Structure formats: structure tokens, C-alpha cells
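Student: Pick one part of this model and take me through it closely, please. Start from a loop, then work outwards into whatever surrounds it and on to the rest of the fold.

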Amino acid sequence: MRGSITALTAVMSLAVIHAQQPLFRASVDVVRVDVSVMSGLNPVAGLKAQNFVVTDNGVPQTLDSVSLDTVPLNLMMVLDTSGSLAGERLTNLIDAVNGLVKSLRAEDTAALMTFSEPIRLAVEATKDHAPLLAALTGLTADGSTSVNDAIFLALQMRPPDADESRPVLLLFSDGRDTSSWLRSEHVIEATRRSGMVVHVVELVADEWTGYRAAEFRPSSFLGMLADTGGGRRWFAKSSRDLRELFGKALNELRARYLLTYSPTGVSREGWHDVKVTLKNARGEVTARPGYFAQ
């Protein structure tokens with residue numbers, strides 16, 4: 001499915017979600033937890049299974065495996081191309097994403113979605129990175145901003161082979177939604193159910209002119225989105241910082257640990273609170289707060 005997606009499509013998708021059981025769910029046999037461990041700005045390497053303590057609904061679990069950077073990425077890039085990005089800001093964004101795509105590995109899959117109004121799936125998920133680079137050259141910035149609708153629709157495109165890859169949504173925006181039909185709480189709920197790691201790069205620039213400074217304060221919604229998706233959030237004070245920040249986002253993804261366990265002592269259905277802490281090691285742990293089992 002390539003082309004424009006209207007806001008009405010997002011609303012119809014929401015109705016389907018509420019009419020059915022959770023669309024996304026973790027396996028009741030094996031749970032995968034994508035975990036970041038950072039010391040300041042640096043990833044903490046060399047951790048083993050004995051360094052992680054995982055509880056599922058308060059019950060300690062035994063890890064089956066701990067791996068680092070061995071599972072390919074399945075990356076959905078969701079880019080703001082609304083009118084506020086016109087000019088140098090769009091040029092710098094294209095350059096940043098170009099660098100990110102060129103840094104992907106042959107086994108990584110990536111897709112490209114852009115949003116203003118309407119939302120466009122510019123490139124479907126592919127391991128061929130040439131179409132992604134070609135699509136970037138044709139980007140233009142105009143129109144209003146449908147960030148909520150775009151995130152929600154991108155979450156519905158979680159890859160069917162997610163058990164063999166690491167599904168990630170990487171969002172870039174200036175943080176101000178001006179035209180979505182869906183409310184923020186709909187998007188947060190969809191993120192809880194998705195199983196995708198959500199990274200956010202947000203432009204809160206002081207380079208902008210013609211707008212009130214208050215309009216460029218960090219978005220509380222985008223912060224909640226990253227927390228719910230178990231990812232991280234980077235702030236760009238200038239669009240010239242984007243190339244470095246996209247590189248940091250990719251490096252952080254490469255440095256994440258993938259923990260797996262077979263849940264024991266807990267119900268097989270419903271929402272599961274998952275907490276990950278460290279033992280005999282130090283670092284800031286970031287992970288999704290839980291999962292739905294059906």
C-alpha cells in the first residue's frame with residue numbers, strides 16, 4: 001500500500017481496534033523485551049543474563065537469552081513534512097535521513113512514511129535501500145501537521161516477521177499537531193499494544209522566526225510516546241543538529257539488549273507490567289513498561 005492515507009482512514013482503523021481484541025500482543029510462550037542501558041550518553045556493553053532482573057506482574061522471571069545487536073532492525077521512519085519544515089529545515093532533515101539510511105545494514109528492513117495532510121507511505125518495508133534514498137530526494141514541505149494520525153497508522157504496520165526482527169518506529173517532528181482526527185490518548189493506547197520500540201527526534205529549535213517561543217517548547221505528548229514505546233527522545237535546537245541525532249538514535253538501537261523469557265507464575269491474558277533492573281551493574285535502563293497477552 002503506497003500513496004496518500006486520509007485522516008478518515010485513521011478513524012476507521014481506530015474503530016476496528018476497539019471492536020476487536022488487541023491487534024498486537026506478545027506471545028504467551030516467549031516474551032521479548034528490548035532494553036537500553038546507558039551511562040550518561042554512552043551505552044553500557046558487556047552485560048550478561050545475570051546482570052538483569054526482570055519481573056512480570058511483580059513475579060521474578062528467568063531469562064532464556066540475552067543478545068546484543070544480533071537481530072536485524074525493521075525500521076519505520078515517520079517524518080514530519082508539514083509547511084513549518086520548508087526551506088533549510090527540510091534540506092537538513094533529508095540530509096540526516098540520507099545518512100541514516102546509508103548506515104543501515106544489508107539485513108535491515110526500512111520503510112518511509114511522511115505526514116502533513118495527507119499522510120503518505122512513500123516506501124513500503126524493504127531491504128533495498130535505494131528506493132528510500134530516491135524517495136528522500138522528492139520530499140517537499142507543505143500543509144498542516146497530522147502527527148497523531150501518522151503515528152497511529154505507522155503502528156498498524158508492525159511487521160509480520162516481528163519475531164525475527166526488532167520493530168522500531170523512528171519519529172521526527174516539530175511536535176505540534178494541527179490537523180489530526182485522533183486524540184493523543186488513542187495513540188498512546190495503540191503504542192502500549194504495539195510491541196514496537198518508539199524513538200523520537202523532536203525539533204524544538206531556537207532558529208525559527210515568526211512564531212512565539214512558547215510554541216517550540218518540548219511536547220509532553222511526544223515524551224509520553226517515547227516512554228510508552230520504551231524508546232528514547234532527542235531534542236534538536238537546530239535542524240543542523242539532525243544528522244548527528246539520527247546517528248545517535250541508530251547507534252542506540254544497535255546497543256540495545258534483547259531479553260527473552262517464558263513467563264511463569266502469571267496470568268496468560270491481559271496487561272502485564274514488566275520491570276527491568278540491573279544487578280551488579282550500573283546504568284540507566286529504558287524498556288517498554290509491559291505488554292498485552294491474549
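Tutor: Let's start at N57, which sits in the loop between β4 and β5. Keep in mind that this is a predicted model. The backbone of N57 is a bit unusual: its phi is positive, about 50°, although the residue is not a glycine. As for its surroundings, N57 is partly exposed, with a relative accessible area of 35%.

Now step out to the strands on either side of that loop. They belong to an open sheet of 4 strands, in the order β5-β4-β14-β16, and the pairing is antiparallel. Its edges are β5 (59-61) and β16 (290-293), each of which pairs on one side only. Neighbouring strands here are turned by 30° against each other on average, if you ignore direction. Look at β4 (residues 52-56) beside β14 (residues 270-278): the two run antiparallel and are joined by 5 bridges. To find the register, put F52 opposite L278 of β14.

Follow β14 onwards and you get to N280, in the loop between β14 and β15 (284-287). N280 is another non-glycine residue with a positive phi, near 55°. This asparagine is exposed, with a relative accessible area of 74%. While we're on loops, check one peptide bond too: E117 to P118 is cis, with omega near 15°. You'll find P118 in the loop between β8 (109-115) and β9 (119-126).

Next, turn to a part that is well covered. All 8 of the 8 residues in β10 (residues 166-173) are buried. In a regular strand, side chains alternate between the two faces of the sheet. Here R166, V168, L170 and F172 point one way, while P167, L169, L171 and S173 point the other, and all of them are buried. β10 has parallel pairing with β7 (residues 73-80) over 7 bridges, and M77 stands opposite L170 there. β10 also runs parallel to β11 (residues 197-203), with 6 bridges between them; L169 has V198 of β11 as its bridge partner.

The link from β10 to β11 is worth tracing as well. Together with helix α5 (residues 184-194), the two strands make a right-handed β-α-β unit. That helix packs on α6 (residues 220-228), with an angle of about 15° and axes 9 Å apart. With an angle under 35 degrees counting as roughly parallel, α5 and α6 are therefore roughly parallel to each other. The contact is made by S184, V187, I188, T191 and R192 from α5, and by F221, M224, L225 and T228 from α6. The crossing of α5 past α6 is right-handed.

For a second helix pair, try α2 (residues 88-103) and α7 (residues 242-254), which pack at about 30° with their axes 8 Å apart. They are therefore roughly parallel to each other too, and α2 passes α7 in a right-handed crossing. Among the α2 residues that meet α7 are L93, A96, V97 and L100, and on the α7 side the list includes L242, F246 and L250.

Finish with α4 (residues 147-155), where 9 of the 9 residues are buried. Its buried residues include N148 and D149 as well as I151, F152 and L153.

Technical notes. Residues are numbered from 1 along each chain as its sequence is written. This is a predicted model: local features need pLDDT of at least 70, side-chain atom pairs count only at pLDDT 80 or more; totals for chains, interfaces and linings use all residues. Side-chain values use heavy atoms; hydrogens and water are left out. Buried means under 20% relative accessible area, exposed over 50%, partly exposed in between (1.4 Å probe, protein chains only). Two strands pair if DSSP finds at least two bridges between them. A crossover is right-handed if, with the strands pointing away from the viewer, the path from the first strand over the helix to the second runs clockwise. Axes are lines fitted to C-alpha atoms, for helices over the stretch in contact, and angles run from 0 to 180 degrees between N-to-C directions. Angles under 35 degrees count as roughly parallel, over 145 as roughly antiparallel, 65 to 115 as roughly perpendicular and the rest as oblique. A crossing is left-handed if the near helix is turned anticlockwise from the far one by less than a right angle, and right-handed if clockwise. Contact means heavy atoms within 4.5 Å.
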